[in-house]
Amino acid sequence: MELLDVGKHCNLISCRQLDFLPFKCADCRYSFCQEHSHPDEHNCQNKNATRIDIRIPTCQTCNKPVPLRSRTEDPEKRMADHLASHCTDIKVDHKVCTAPNCRTKILVPIACSSCGKQVCVKHRWPKEHNCQPQPKILKAVADSKKMLKAYRALVY
């Protein structure tokens with residue numbers, strides 16, 4: 001059984017290697033092997049010099065990513081500012097579960113429909129986080145259920 005239909009040949013004439021996972025150049029739209037995938041490696045004629053590098057540099061001191069504040073900010077200046085602050089300028093905003101005695105960091109926030117508190121997956125049910133229902137939230141939930149019921153009556 002031959003697999004002649006699978007993969008593509010590298011478009012660089014001096015290479016022409018058959019690659020089963022070819023890379024497509026974003027500028028010229030041709031397919032290349034991994035070795036020639038970068039525009040500089042295949043002397044791309046449509047190379048876009050204004051393309052923005054979106055990689056995030058990592059600090060060699062604290063091993064944390066140092067994100068740029070804007071797309072036009074110079075990464076080297078940003079890294080210099082980070083090092084000048086002794087690696088203290090990065091603030092990671094992780095919310096913590098509001099259930100008693102739980103300090104779990106919430107990556108995917110879950111808001112309780114009764115009290116509105118942000119809780120982790122383990123404490124998502126009202127009885128798990130000592131829920132104190134808020135009348136305003138309960139009224140909003142009841143109103144939305146009425147609206148959903150009316151909508152379903154119209155549609156079905």
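1. A disulfide is counted here when two cysteine sulfur atoms lie within 2.5 Å of each other. In this predicted model, the sulfur of cysteine 112 has its closest cysteine sulfur in cysteine 115, at 3.7 Å, and the pair is therefore too far apart for a bond. Cysteine 112 is also a buried residue, with a relative accessible area of 6%.

2. A second cysteine pair should be read in the same manner. For cysteine 62, the closest cysteine sulfur belongs to cysteine 59; the separation is 3.7 Å, too far for a bond. Cysteine 62 is partly exposed, at 24% relative accessibility. For the structure as a whole, the number of disulfides is zero.

3. Cysteines also appear in the nonpolar cores. The largest of these cores has seven residues, namely Cys10, Leu12, Cys25, Cys28, Phe32, Cys33 and Cys44. A second core, separate from it, has six residues, among them Ala99, Cys102, Ile106 and Cys120. As a general remark, nonpolar side chains tend to be buried together in soluble globular proteins.

4. Cysteine 28 deserves a closer look as a member of the largest core. Leaving aside residues up to four places away in sequence, cysteine 28 touches His42, Cys44 and Asn46. Of these partners, Cys44 is listed in that core as well.

5. Two residues call for attention in the backbone. Arginine 16 has a positive phi of about 55°, although this residue is not a glycine. Arginine 16 sits in the loop that runs between β1 (8–9) and β2 (18–19). With 42% relative accessibility, arginine 16 counts as partly exposed.

6. The other backbone case is cysteine 87, a residue other than glycine whose phi is positive and near 60°. Its place is the loop between α1 (75–84) and β5 (95–96). Cysteine 87 has a relative accessible area of 22%, and is classed as partly exposed because the buried class requires a value under 20%.

7. Strand β5 contains lysine 95, which is partly exposed with a relative accessible area of 42%. Not counting residues up to four places away in sequence, lysine 95 touches Thr104, Lys105, Ile106 and Gln118. Among these partners is Ile106, a residue of the second core. Lysine 95 may also be compared with valine 119: the two are 24 residues apart in sequence, and their C-alpha atoms are 9.0 Å apart in space.

Definitions and conventions
Residues are numbered from 1 along each chain as its sequence is written. This is a predicted model: local features need pLDDT of at least 70, side-chain atom pairs count only at pLDDT 80 or more; totals for chains, interfaces and linings use all residues. Side-chain values use heavy atoms; hydrogens and water are left out. Helices (H or I, at least four residues) and strands (E, at least two) are DSSP runs, numbered from the N terminus. Buried means under 20% relative accessible area, exposed over 50%, partly exposed in between (1.4 Å probe, protein chains only). A nonpolar core is a set of buried Ala, Val, Leu, Ile, Met, Phe, Trp, Tyr and Cys residues joined through side-chain atoms within 4.5 Å. Contact means heavy atoms within 4.5 Å.
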